[in-house]
2 protein chains.
Amino acid sequence: MKLVLEPHTCLAPLPAVIVTCGDEKENNAITLAWVGTVNSAPPILSIAVRYSRHSLGLIARTKEFTVNLIDRSLLHAMDVCGVTSGRDVDKFAAAGITRAKGERVGCPYVAESPVAIECKVVERVDFPTHAVFFGEIVGVVADAEYTHGGKVVLPDGFLVTYANGKYLATGDTIGTYGYTAKEGK
Amino acid sequence: MKLVLEPHTCLAPLPAVIVTCGDEKENNAITLAWVGTVNSAPPILSIAVRYSRHSLGLIARTKEFTVNLIDRSLLHAMDVCGVTSGRDVDKFAAAGITRAKGERVGCPYVAESPVAIECKVVERVDFPTHAVFFGEIVGVVADAEYTHGGKVVLPDGFLVTYANGKYLATGDTIGTYGYTAKEGK
C-alpha cells in the first residue's frame, strides 16, 4: 500500500564525510552528508552548509574547502565533528584527528582520511536554511594503497554511508555500471 | 604514503536512484548518482544531468521530476535505465518497471520503488558538462511498510549505493548520529 507523505528530506543513502576549511590560523572540521558530485569536466562537487555553522564564514572568506572521505576507522571522529562546534572546541583535538597541510589549497585536510578532495569555490547558491558551495576539485590527496592509475579506487566494505540519522556500513559489490548491457539485455 | 592525484570525480559513496520525468505523453527514467540534499526547510534536493541526456529537455520543459529510491530488487532495472536512452527505447518496458501516475507532480514514478520523492524545480545552475536542477520536495510516495510517523524509515541493508563505477550493498547500522555525545565524549 502506498502512502503520500508530506515533504521531508529523505534521499538516501548519502555520503558521510568530514569537510575541513579555513587557513593556518583558523580552521575547522565539520561532518556533512549533504554533499554531491555535479560536473565531470572540470570535476565539481557541492556541499550544503547550514547558516548557523561556524564553518560557513570560513568557507565564504577563503573560498576553499576539502572533502575528506571516511572509512570505518574514522566513524567515531566523524560523529564527534558532527555534534561539537568549532566555536567552542578544537574539533581536531576533540575527535583525535590530525591536521595536515593542504597540497593545493590553504585549508588543512585530515591526515587519517584515505582520500582528501581539495576544492576551490566556483559558485554559491543560497537557500533558506543552507548555503550551497560548488567546489572545483583542484587536487586529490590519497593514501597510495587506495589509488590505481592516478585515480582513487577503494575496496568493498570500506566507506561509511548515512541514511535517516544512521551511519551504515557499505558492503560487497553487487554489480558494476553497465553490467546488464553485457548480459545482452 | 600520500599521493597527490590530478582532479577527478571521486566523492563516494553516492546515492543510486532512478529519476523519472516528463508528462503523460512523453516521459523517461534515468539512473543518476549525482544527486544530493541541499536544504531542510523547505526540503530541497539537487540532481545533475548531462546535457546530452534526453531527460534534460523533459525536466527543463515540465520543471518537475521524481527521485525513486532503489533497493536491491531494483538493481537490474536501475542499471538498464543507466545504459539505454529514452530516445531509442521505452525504458520502463526495457527495465521491467511500471509507470505510476504522480501524486503531486505530472511526471510518473516507479511503482516498484519503495520511496518516490516528488519535486518541482525551483532553481537551475549550468556547469560545463552538467545542468544542476534544484527540486523542492512537494510530496513523498512510500510503501506503507517503510514509513513511521509520516516519515520514511528504511531497514538496514536495503538500499544500494554507488562508488567508482560499482554498485555496493549497504549493510548494518554501525552508529547513530550523535552517538559519541551520549558516550560523554
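Trainee: What makes strand E5 (residues 35–39) and E6 of chain A count as paired?

Mentor: Two strands pair if DSSP finds at least two bridges between them, and E5(A) and E6(A) share four, in the antiparallel sense. One such match puts Thr37(A) with Leu45(A) of E6(A) as its bridge partner. Strands here are DSSP runs of E with at least two residues, and helices are runs of H or I with at least four, numbered from the N terminus. Before we go on: this is a predicted model, where local features need pLDDT of at least 70 and side-chain atom pairs count only at pLDDT 80 or more, while totals for chains, interfaces and linings use all residues. Residues are numbered from 1 along each chain as its sequence is written, and chains are lettered from A and ligands numbered from 1 in the order in which they are written.

Trainee: What does E6(A) pair with besides E5(A), and over how many bridges?

Mentor: Strand E11 (residues 130–143) of chain A runs antiparallel to E6(A), joined by seven bridges. Arg50(A) faces His130(A) in that pairing. On the other partner, E5(A) and E6(A) make a hairpin with four residues between them.

Trainee: Why is E6(A) called largely enclosed?

Mentor: A residue is buried if 20 or more other C-beta atoms, placed from the backbone, lie within 10 Å of its own, exposed if 12 or fewer, and partly exposed in between. Six of the seven residues of E6(A) are buried, so the rest of the structure largely encloses this strand. Across chain A, buried residues are 51% of the 185.

Trainee: How do you know whether chain A agrees with a compact globule?

Mentor: The rule is 2.2 Å times the number of residues to the power 0.38, with the radius of gyration taken over C-alpha atoms. For 185 residues that gives a value near 16 Å, and chain A has 17 Å, so the two agree. Its C-alpha atoms fill a box of roughly 55 × 45 × 30 Å along the principal axes.

Trainee: What relates chain A to chain B?

Mentor: Copies are superposed by least squares on the C-alpha atoms of residues with pLDDT of at least 70 in both. Chain A lies on chain B with an RMSD of 0.0 Å after a turn of 180° and a shift of 0.0 Å along the axis. The copies are thus related as by a two-fold rotation axis. Thr170(A) has the C-alpha of chain A nearest that axis, at 2.2 Å.

Trainee: How many residues does each chain bring to the contact?

Mentor: Two residues are in contact if their C-beta atoms, placed from the backbone, lie within 7 Å. By that rule, 85 residues of chain A and 86 residues of chain B take part. Strand E15 (residues 166–176) of chain A gives the most to its side, with 11 residues.

Trainee: And how do you know through which surface the copies meet?

Mentor: The overlap shows it: 100% of the interface residues of chain A are also interface residues in chain B, so the copies meet through the same surface.

Trainee: What makes E15(A) and E15(B) a pair?

Mentor: Seven bridges join these antiparallel strands, with Tyr167(A) opposite Gly175(B). They belong to an open, antiparallel sheet of six strands, in the order E2(A)-E14(A)-E15(A)-E15(B)-E14(B)-E2(B). Its edges are strand E2 (14–15) of chain A and strand E2 (14–15) of chain B, each pairing on one side only.
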